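Visitor: Could you take one part of this model and look at it closely, starting from a turn and working outward to whatever packs around it?

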Amino acid sequence: MLVQSWYLSRDIVREEVQRSSRQTSALVVNYFNYRLATLQILQDSNAKSDAVENFFQSRDAQSLDYFFLREDNLQPTHTPDFRYITTNSNIVWDDGNALFYGLEENSLSAMNIAASKTNSWTTVSTDSQLGERHILLRRTPIVDRSSGEVFGHLSAGVILDDNAGLLTSLLRGSNSDDVVLTFGADIIASSISSDDNYTAESALEGIENGQMDLNKILVTETPLFIGSQLQISLFTLYNATQVSWRCVIVIYFRSCYPLSSLQ
């Protein structure tokens, strides 16, 4: 009777772990889809605005600066980290925010080459004054509504490295305790602190070694696809030694194209 009860309890716990993992994965998938969709809608709307179209006639960069400043103040949670406008592959305007992340005009030009092959979200890695940067990037055409002529493209970028806002949103959107972002084999952002009994490195090392139970931390993987180029794999870690649920999400980018291979 005792053995039967143990097996029953074990199966109930296992089912609860699987149910919780599915819920957490769904939350993160929905969050990413929502986040990228809202960025894309705002970007497409900006590209169709009178202010952006008139820029190609007046070249009044200050008026364009004020336009995007108003947009960012109206929707601060739905704005990208930086924007720039190109025509004939040349950068004719940028909002200045890229410099905050160590990205100079030559870095923007290199990223523009990478993004020029698609109007979908794509990932690029590039050198900057602050070291290598990993970025989600998308461009959309700016069209003359009267003639249909394509004036240029508006590009929007999201920095992935040590992005506190992104990590906070992932924590809130997934109801998790920690998140880790890796690009290839490199850890580029993590919310794990020194108070935790594991590190991002130990979690990833255990996953690479096929250990799905890391000192009573149960691991579940969920693939997440954005566009045709980007594949994100999501891992939820559940601390079975705690009475309450404790989840950690590890997300890494398996396939990406470095700028050197796109030029």
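**The hairpin and its surroundings**

Guide: In the hairpin formed by S1 and S2, where 2 residues lie between the strands, Asn88 takes a positive phi near 55°. The model is a predicted one, in which local features need pLDDT of at least 70 and side-chain atom pairs count only at pLDDT 80 or more, while totals for chains, interfaces and linings use all residues. Residues are numbered from 1 along each chain as its sequence is written, and side-chain values use heavy atoms, with hydrogens and water left out. The strands (E, at least two residues) and helices (H or I, at least four) are DSSP runs numbered from the N terminus.

On one side of this turn, strand S1 covers residues 82-87, and on the other, strand S2 covers residues 90-94. The two pair in the antiparallel sense over 4 bridges, pairing being assigned if DSSP finds at least two bridges between strands. Thr87 has Asn90 of S2 as its bridge partner, and Tyr84 stands opposite Asp94 in S2. S1 also pairs with strand S5 (residues 150-159), again in the antiparallel sense, over 5 bridges; there the bridge partner of Arg83 is Ala156.

How many residues of S1 are buried? The strand is mostly covered, with 6 of its 6 residues buried, a term that stands for under 20% relative accessible area with a 1.4 Å probe and protein chains only. In a regular strand, side chains alternate between the two faces of the sheet. Both faces of S1 are covered, since Phe82, Tyr84 and Thr86 are buried on one side and Arg83, Ile85 and Thr87 are buried on the other.

Stepping back from the hairpin, one finds an open sheet of 5 strands in the order S2-S1-S5-S4-S3, with antiparallel pairing. S2 and strand S3 (122-126) each have a single partner strand and stand at the edges, so one side of each is left without a neighbour in the sheet. From one strand to the next, the twist averages 35°, the axes being lines fitted to C-alpha atoms (for helices over the stretch in contact) and the angles running from 0 to 180 degrees between N-to-C directions.

Two helices meet these strands. Helix H2 lies across S1, S2, strand S4 (133-143) and S5, and it runs at about 125° to S5. Helix H4 (residues 105-115) packs on the sheet and touches S1, S2, S3, S4 and S5, contact being heavy atoms within 4.5 Å, and its direction makes about 70° with that of S1.

In H2, which spans residues 50-58, the buried residues are Val52, Glu53, Phe55 and Phe56. They cover an arc of only 145° around the axis, which puts them on the same side of H2; the arc is taken from the directions that lead from the helix axis to the C-beta atoms. Just after H2, Arg59 takes a positive phi of about 55°.

Within H4, Ser107 offers a view toward an edge of the sheet. Ser107 counts as buried because its relative accessibility is 6%. Not counting residues up to four places away in sequence, Ser107 touches Thr126 and Asp127. Ser107 and Ser125 are 18 residues apart in sequence, and their C-alpha atoms are 9.7 Å apart in space.

Conventions
Buried < 20%, exposed > 50% of the residue type's maximum accessible area, 1.4 Å probe, protein only.
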